[in-house]
There are 2 protein chains.
Amino acid sequence: MVRIAVDMDEVIADFTAKLLSIYNKKYGTSYTEKDLVGKNLRDVHPEHAEYIRKVIQQSDYFADLPLMKGAREALEKLSEKHEIFITTAAMDFPTSFNAKYAWLRENFPFISDRNYVFCGDKSIISADYLIDDHLRHLKKFKGQGILFTAYHNINDSYEMRMDSWEEIYNYFESNY
Amino acid sequence: MVRIAVDMDEVIADFTAKLLSIYNKKYGTSYTEKDLVGKNLRDVHPEHAEYIRKVIQQSDYFADLPLMKGAREALEKLSEKHEIFITTAAMDFPTSFNAKYAWLRENFPFISDRNYVFCGDKSIISADYLIDDHLRHLKKFKGQGILFTAYHNINDSYEMRMDSWEEIYNYFESNY
């Protein structure tokens with residue numbers, strides 16, 4: 001048994017899909033995630049950074065994010081053998097606590113809320129693995145990091161990168 | 001420099017003082033913390049456990065807790081030399097996130113919100129020290145625990161116990 005810490009946004013919750021859908025509706029654009037290689041929407045439209053920030057800071061933004069493909073199924077199986085913690089940088093969005101909590105209860109009922117961690121700096125996390133889409137979090141983590149591929153991190157290099165929940169599940173199945 | 005993780009309730013925030021004041025007003029009693037040696041109020045009045053739970057679960061219960069004596073001054077000085085994280089078992093009271101966050105911003109403005117950790121199981125905390133009033137949290141922690149004396153834990157034995165923020169401050173000053 002190992003302890004696996006799992007980030008929320010862009011790893012189990014599709015943060016960007018919702019943002020693009022709201023943005024496209026507002027500005028009549030048709031961005032997809034593929035337009036965000038190596039960057040965020042606010043890098044593409046710095047003149048709308050304030051609008052984007054407001055959208056994300058709405059207290060219910062995180063309430064109905066779509067699931068990332070395969071995340072629930074993989075975590076449900078992994079949680080039979082391993083200890084799963086959800087470790088999210090919630091302090092970036094202090095308005096998001098309640099929505100994030102409710103979203104996790106609803107979508108991952110097999111993970112106890114005692115295993116949720118709302119934090120800022122992920123160097124505080126004590127676990128064997130951390131699955132995250134941000135290099136800055138993985139760099140501070142003392143265990144083995146796994147960079148979860150997102151368009152924004154596609155140009156980053158990191159020793160262990162995985163592209164899907166299927167790949168993650170297979171990794172833990174073959175190694176433990 | 002060491003990393004010190006600090007619990008909130010009964011360590012920096014006087015959770016029990018407020019609860020007793022509300023309870024005494026409601027039931028015409030005059031309990032003080034000294035009446036809670038080795039136990040909690042709900043152990044003394046199990047017939048009011050439901051009422052006590054409701055009081056604590058009000059979303060603003062944590063908004064105006066008094067500070068524990070000396071906590072702010074000691075942490076302000078310790079934070080000049082050491083890394084301070086606030087690690088609170090907020091998942092016990094999922095209604096409390098916003099009030100806890102606001103209380104910390106207001107009372108400990110010198111601690112970045114990136115150093116707040118709202119968690120359940122404190123075995124997830126990676127730090128050199130954890131100051132906590134609950135043995136169950138200290139037992140799971142991998143670093144050096146410090147049991148912060150409260151009436152409810154007065155009969156517990158633990159290798160390192162401290163009774164006040166002055167004692168804690170002096171300990172770190174003499175050792176680092």
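The following exchange discusses a predicted model with chains A and B.

Me: How are the two chains related in space? By what rotation does chain B superpose on chain A?
Reply: Chain B superposes on chain A by a rotation of 180 degrees, with 0.0 Å of shift along the axis and an RMSD of 0.0 Å. The two copies are thus related as by a two-fold rotation axis.

Me: How many residues does each chain give to the contact?
Reply: Chain B contributes 21 residues, and chain A contributes 21 residues.

Me: Which elements of chain B give two or more residues to that side?
Reply: They are helix 5 (97–107) and strand 3 (116–118) of chain B.

Me: What is the make-up by class on the side of chain B that touches chain A?
Reply: That side of chain B has 12 nonpolar residues, five polar residues and four charged residues.

Me: What percentage of the interface residues of chain B are also interface residues in chain A?
Reply: The figure is 100%, so the copies meet through the same surface.

Me: Moving to the fold of one chain, how is chain A divided into domains?
Reply: Domain 1 of chain A comprises 3–14 + 66–175, and domain 2 comprises 15–63.

Me: How far apart do the C-alpha centres of those domains of chain A lie?
Reply: The C-alpha centres of domain 1 and domain 2 of chain A are 21 Å apart.

Me: And how many residues of each domain of chain A are in contact?
Reply: In chain A, 17 residues of domain 1 are in contact with 18 residues of domain 2. On the side of domain 1 of chain A that touches domain 2, eight residues are nonpolar, five are polar and four are charged.

Me: A change of topic: at what angle do helix 4 and helix 7 of chain A pack?
Reply: Helix 4 (residues 71–81) and helix 7 (residues 165–175) of chain A pack at about 15 degrees, and their axes are 9 Å apart. That angle makes helix 4 of chain A roughly parallel to helix 7 of chain A.

Me: Is the crossing in chain A left-handed or right-handed?
Reply: Helix 4 of chain A passes helix 7 of chain A in a left-handed crossing.

Me: Which residues meet there in chain A?
Reply: From helix 4 of chain A come Ala71(A), Ala74(A), Lys77(A) and Leu78(A), and these meet Trp165(A), Ile168(A), Tyr169(A) and Phe172(A) of helix 7 of chain A. By class, this contact in chain A has seven nonpolar residues, no polar residues and one charged residue.

Me: What about chain B: how do the axes of helix 4 and helix 7 cross?
Reply: In chain B, the axes of helix 4 (residues 71–81) and helix 7 (residues 165–175) come within 9 Å and cross at roughly 15 degrees. These two helices of chain B are therefore roughly parallel to each other, and their crossing is left-handed.

How values were computed: Residues are numbered from 1 along each chain as its sequence is written. Chains are lettered from A and ligands numbered from 1 in the order in which they are written. This is a predicted model: local features need pLDDT of at least 70, side-chain atom pairs count only at pLDDT 80 or more; totals for chains, interfaces and linings use all residues. Two residues are in contact if their C-beta atoms, placed from the backbone, lie within 7 Å. Helices (H or I, at least four residues) and strands (E, at least two) are DSSP runs, numbered from the N terminus. Ala, Val, Leu, Ile, Met, Phe, Trp, Tyr, Cys and Pro count as nonpolar, Asp, Glu, Lys and Arg as charged, and the others, Gly among them, as polar. Domain bounds come from an automatic or database domain assignment. Copies are superposed by least squares on the C-alpha atoms of residues with pLDDT of at least 70 in both. Axes are lines fitted to C-alpha atoms, for helices over the stretch in contact, and angles run from 0 to 180 degrees between N-to-C directions. Angles under 35 degrees count as roughly parallel, over 145 as roughly antiparallel, 65 to 115 as roughly perpendicular and the rest as oblique. A crossing is left-handed if the near helix is turned anticlockwise from the far one by less than a right angle, and right-handed if clockwise.
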